[in-house]
Structure formats: C-alpha cells, structure tokens
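Student: I have a model open and want to go through it piece by piece. Can we start with the ligand?

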Amino acid sequence: MSQSRKKSAAPRKIPQDLLDALLNNPYEGLILVDAQGIIRHMSSANEGIYPFTPQESVGRHIHDVSPKSRMDRTIRTGKAEIGRSMILDDKTRVVARFPLSKDGKVIGAAGKLLFMDPGKMKELYERITHLERRLEKYEDELAQIYRTNYSLDSILGDSPDIIQAKRLAEQAAGADSPVLIMGESGTGKELFAHAIHGLSQRGSGALVKVNCAAIPGELLEAELFGYEEGAFTGARKKGKAGKFELAHGGTIFLDEIGDMPLPMQIKILRVLQEREVERVGSNRPKKVDFRLICATNRDLPKLMRQGLFRQDLYYRINVMTLKLPPLRDCRDDIFPLFQHFSRILGREKTPPKILPGVKEILEKYSWPGNVRELRNVTERALIVCRDNTVSPADLPDLSQQEVLPQVIEEKASLKALMDQAEKKIIEQALVQASSRAEAARNLGIHRTGLYQKMKKHGIE
Ligand SMILES: Nc1ncnc2c1ncn2[C@@H]1O[C@H](COP(=O)(O)OP(=O)(O)OP(=O)(O)O)[C@@H](O)[C@H]1O
C-alpha cells in the first residue's frame with residue numbers, strides 16, 4: 001500500500017473545517033436548535049427565507065424566527081418527521097425534522113429543507129405517477145394475456161377425465177387452498193396450473209414456477225427462500241429474494257414436487273404452516289402470502305411408502321387433486337388435438353389439409369410423451385410436408401415399440417445396430433421432451449453427452 005493511502009493515526013474527530021463546510025453547504029437549508037428551542041446554527045442557504053438573516057437568527061427562539069415551526073414538537077416527542085411540506089416565504093417547501101440525542105436524552109433538533117426548489121419534488125412526484133400508470137397498464141395487459149392464453153378454453157379434450165379435471169380446476173380457482181396436479185410428463189399439468197392461477201383472485205399477481213427436479217438439492221434452498229448478502233461464497237452482493245417472496249400476492253407452482261429432497265420437504269412444510277420465510281444467512285422471518293400449486297408425474301403414495309416423501313407434506317399439498325389422463329387413454333382426443341396444433345402452428349393462412357391414413361397412425365401410437373409429444377410431432381410434420389398437405393409420410397416413425405426389433409432384422413454389425421438404435425432413441429427422447437435438458441435427464445445422461453451424441457448422429 002502506498003504511503004499516502006496509509007490509515008492516519010490522527011484522532012478520530014471530524015476536522016472542524018469539514019464540519020463547517022457541511023453545516024453551511026449550499027444545497028440544503030439547515031437549522032439546529034438546542035433542547036430549549038434556541039437556534040444555535042442556521043446555514044447560509046436559508047438566507048432570504050426567514051425575516052432574519054442566518055446570523056441574526058442565531059440565539060433567538062425558533063418561534064420568533066419561524067412561528068409555524070414544529071421543531072419544538074420534535075424536541076418534545078423525540079420523533080422525526082421526514083418529507084413534510086411547509087409554507088415558507090410563500091412557497092411550499094419539503095422539510096425534514098429530527099431529534100438530536102445524546103445518551104438517550106434529546107439535546108436538540110435539526111430542521112432541513114430537503115429541496116430548496118419544490119419544483120424538483122413535483123417533478124419526482126410526476127415521474128412516479130407516470131410510472132405507476134404504466135405499471136397498471138402492464139398489469140392489465142398481463143392479466144389479459146393470462147386470461148386468454150391460459151384460460152381453461154385453451155385446454156382441449158372431450159374425454160371424461162379431461163372434462164372432470166377442467167371442472168375441478170374451475171372450483172380450485174375459486175378457492176385459495178393448495179392444489180396437487182398429477183399426471184405423466186406432457187399431459188398439461190403446467191397448462192392447468194396457469195389456468196387455475198389466471199382464473200383465481202390472484203390472477204393479476206405473479207405465477208412463480210420452480211422445477212424442483214431441475215435445481216440441484218444444494219441450491220434449492222437458496223432458490224426457494226433467497227439469501228442475504230454474503231450468506232455463502234458466490235452469493236450476490238445485495239442478496240437475492242427467493243421464489244416464495246417473489247410469489248407474494250400470487251401463486252407458487254412447485255413442479256416435480258416428488259423429486260424434492262427430504263430435508264427440503266421439512267422446510268417447505270414449515271413455510272406452509274407458518275406462512276413465513278427466512279432467507280439463507282438471515283434470522284429475520286418475513287411474512288409471505290401465496291397460493292400453492294404442486295405438480296408431479298411420480299407416484300407420491302408409493303414414494304411415501306418408500307420413505308422418500310413425507311406424509312405430513314403430502315396431506316398439506318393434496319387438498320384438491322387433479323388427475324390428468326395420459327393421452328393413450330383419450331384416443332378420441334388425439335386427432336382433434338393434431339388438427340388444433342396444425343391450425344395454430346401452421347405457417348399458411350389456411351389450415352393444412354390432412355390426408356387419410358394420418359389419423360389412424362396417430363391413434364395407434366401410445367404417446368409416451370403425451371400431448372407435448374403430439375404437439376412436437378405436429379410441428380415437425382408441418383415443416384416437412386409439401387403444399388400445406390400432411391400425409392402419413394410426413395409423420396416420424398411412430399412404431400416406437402419396434403425400435404429394436406426393426407434394427408435387429410437388418411444384417412449389420414453389432415456396433416452399427418447399436419448406433420442405429422441409439423440414434424432412434426435419442427430422436428424419440430427429443431420429440432418427447434420439452435427441451436434438450438429434459439431429454440438428457442430422461443435418458444439419464446449429461447446434457448453435453450447428449451449434444452455429443454446428437455452431433456455424432458447428425459441430429460439437428
Ligand atoms: N389438453 C391440452 N390441450 C392443449 N394443449 C395441451 C393440453 N395438454 C398439454 N398441452 C400442451 O402440451 C405441452 C405440454 O404441456 P405441459 O407443459 O403443461 O405438460 P406437463 O404435464 O406440465 O409436463 P412436464 O411434467 O413434462 O412438465 C404444452 O405445449 C401444452 O400447451
């Protein structure tokens with residue numbers, strides 16, 4: 001460290017010239033009175049505001065200089081008044097008054113004109129009002145998007161199970177209790193969560209989603225509850241709000257709750273009971289007001305029997321239950337869904353023509369990736385089809401059960417057969433998952449491993 005930066009060993013007293021400069025700075029009008037209300041200092045910026053000059057004012061009682069002053073009240077009550085307006089010199093001024101204490105005893109008070117020019121305050125006020133109006137407009141627009149995009153009307157299907165789930169979702173929207181949505185991957189659990197939130201009284205609030213399976217256990221706590229500054233190495237400078245805090249006034253959607261590690265389950269249970277969260281590294285609990293929606297594709301009762309899911313948490317989250325059927329159990333919905341996705345995903349103005357044979361192939365398939373897979377298959381067919389006409393040839397090979405028998409019939413080396421099978425399995429996993437990360441997870445391999453294999457097989 002250079003000599004000039006070395007910490008001075010001088011006494012810790014503030015130099016008098018610095019204090020004088022502060023007390024007489026031209027940016028604020030400052031008055032100091034003692035416990036009897038006698039003015040002991042009036043800064044030069046007050047010149048022209050009172051009937052006396054700053055020099056003449058010192059030694060007089062505050063009421064002799066400013067009859068309407070409330071500084072005597074500040075001394076009596078010991079309470080600060082910040083941001084009050086006051087007419088001085090025929091102008092509205094914004095003032096702050098606060099007591100000055102020593103050893104717990106009020107020894108005087110300070111009065112400050114915060115803005116010599118109240119025009120600045122007006123400018124600030126107008127900016128805030130303008131921002132508030134814009135915020136309101138965006139909130140309205142957001143609520144509108146939720147209502148239209150995520151209403152129950154956007155959930156298609158006439159099978160009795162879907163109709164029943166929609167009926168229950170409507171009831172759940174009217175209540176504020178926890179909802180558990182169960183169903184295989186791609187059956188529309190998130191879609192239902194959006195619809196329930198959008199229709200509920202919290203619809204204009206946030207819907208905060210947490211994918212419990214995608215966040216490593218050791219990061220989940222910080223993600224859900226937030227952390228204070230310096231809570232751990234790598235923590236953000238100013239700390240971070242957790243998902244529960246962000247969902248205040250809205251809904252928190254815990255997706256894949258069945259994958260939540262046991263120690264976190266206890267913490268979630270506590271939040272549900274006490275309705276308050278404590279950031280990591282803090283011991284100040286904060287009240288949070290949220291509605292809980294959970295989803296899982298795991299068999300929670302089975303997980304409970306295996307000791308992997310807490311029973312008390314299960315009963316807490318399972319107040320209303322929606323069971324979404326797999327697509328293979330709703331055969332009659334498959335083709336209407338395909339037509340719907342063709343209409344909304346098609347690039348032409350007119351909906352694509354669908355040739356005979358397509359319906360039969362779609363209905364025969366077992367759709368392990370459910371509606372998501374059907375949507376992806378439709379999207380792909382629309383890209384490869386010609387003249388806005390979808391033919392059976394535009395569909396991928398949907399005989400997935402025959403992936404292995406098919407390749408084994410061919411005469412090739414084991415390595416080549418295994419390569420072919422790997423390519424098919426990867427293609428299928430990509431169609432069934434909503435993202436490459438999810439496909440990698442489903443295949444039980446790392447994302448970079450999946451990218452390497454995609455490159456190897458020339459998969460886009
Ligand atoms: N009944 C339905 N009507 C229209 N679209 C649907 C329906 N069900 C699902 N979808 C569509 O399928 C896709 C997958 O749905 P969603 O993400 O809600 O499934 P999920 O059950 O939450 O899946 P995961 O468990 O993998 O997270 C979305 O594009 C969604 O819009």
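Student: How do the residues of the shell around the ligand divide into nonpolar, polar and charged?

Tutor: This is a predicted model, where local features need pLDDT of at least 70, side-chain atom pairs count only at pLDDT 80 or more, and totals for chains, interfaces and linings use all residues. Residues are numbered from 1 along each chain as its sequence is written. Ala, Val, Leu, Ile, Met, Phe, Trp, Tyr, Cys and Pro count as nonpolar, Asp, Glu, Lys and Arg as charged, and the others, Gly among them, as polar. The shell divides into four nonpolar, eight polar and five charged.

Student: Which residues around the ligand come nearest?

Tutor: A residue is near the ligand if its C-beta atom, placed from the backbone, lies within 6 Å of it. There are 17 residues around the ligand, and those that come nearest are Ser185, Gly188, Lys189, Glu190 and Val371.

Student: Which elements give two or more residues to that shell?

Tutor: Elements are DSSP runs numbered from the N terminus: helices (H or I) of at least four residues, strands (E) of at least two. Two or more shell residues come from each of H7 and helix H15 (370-384).

Student: Why does the ligand lie between domain 2 and domain 3?

Tutor: Domain bounds come from an automatic or database domain assignment. The ligand lies between the two because both give residues to its shell: domain 2 (150-323) and domain 3 (328-396).

Student: What is the strand order in the open sheet of five strands?

Tutor: Two strands pair if DSSP finds at least two bridges between them. Pairing in this sheet is parallel. Strand S7 (207-211) and strand S14 (320-323) pair on one side only, as edge strands. The order is S7-S10-S13-S6-S14.

Student: How many bridges join strand S10 to strand S13?

Tutor: S10 covers residues 251-255 and S13 covers residues 291-296. Threonine 251 faces arginine 291 of S13. The two strands run parallel, and the bridges that join them number four.

Student: In the hairpin of S1 and S2, which residue takes a positive phi?

Tutor: Strand S1 (residues 29-34) and strand S2 (residues 39-42) are antiparallel, with three bridges. Leucine 32 has histidine 41 in S2 as its bridge partner. Four residues sit between the strands, and the positive phi, near 85°, belongs to glycine 37.

Student: Is glutamate 229 buried or exposed, or partly exposed?

Tutor: Glutamate 229 is in the loop between strand S8 (226-227) and strand S9 (240-241). A residue is buried with 20 or more other C-beta atoms within 10 Å of its own, exposed with 12 or fewer, and partly exposed in between; C-beta atoms are placed from the backbone. Glutamate 229 has 13, so it is partly exposed.
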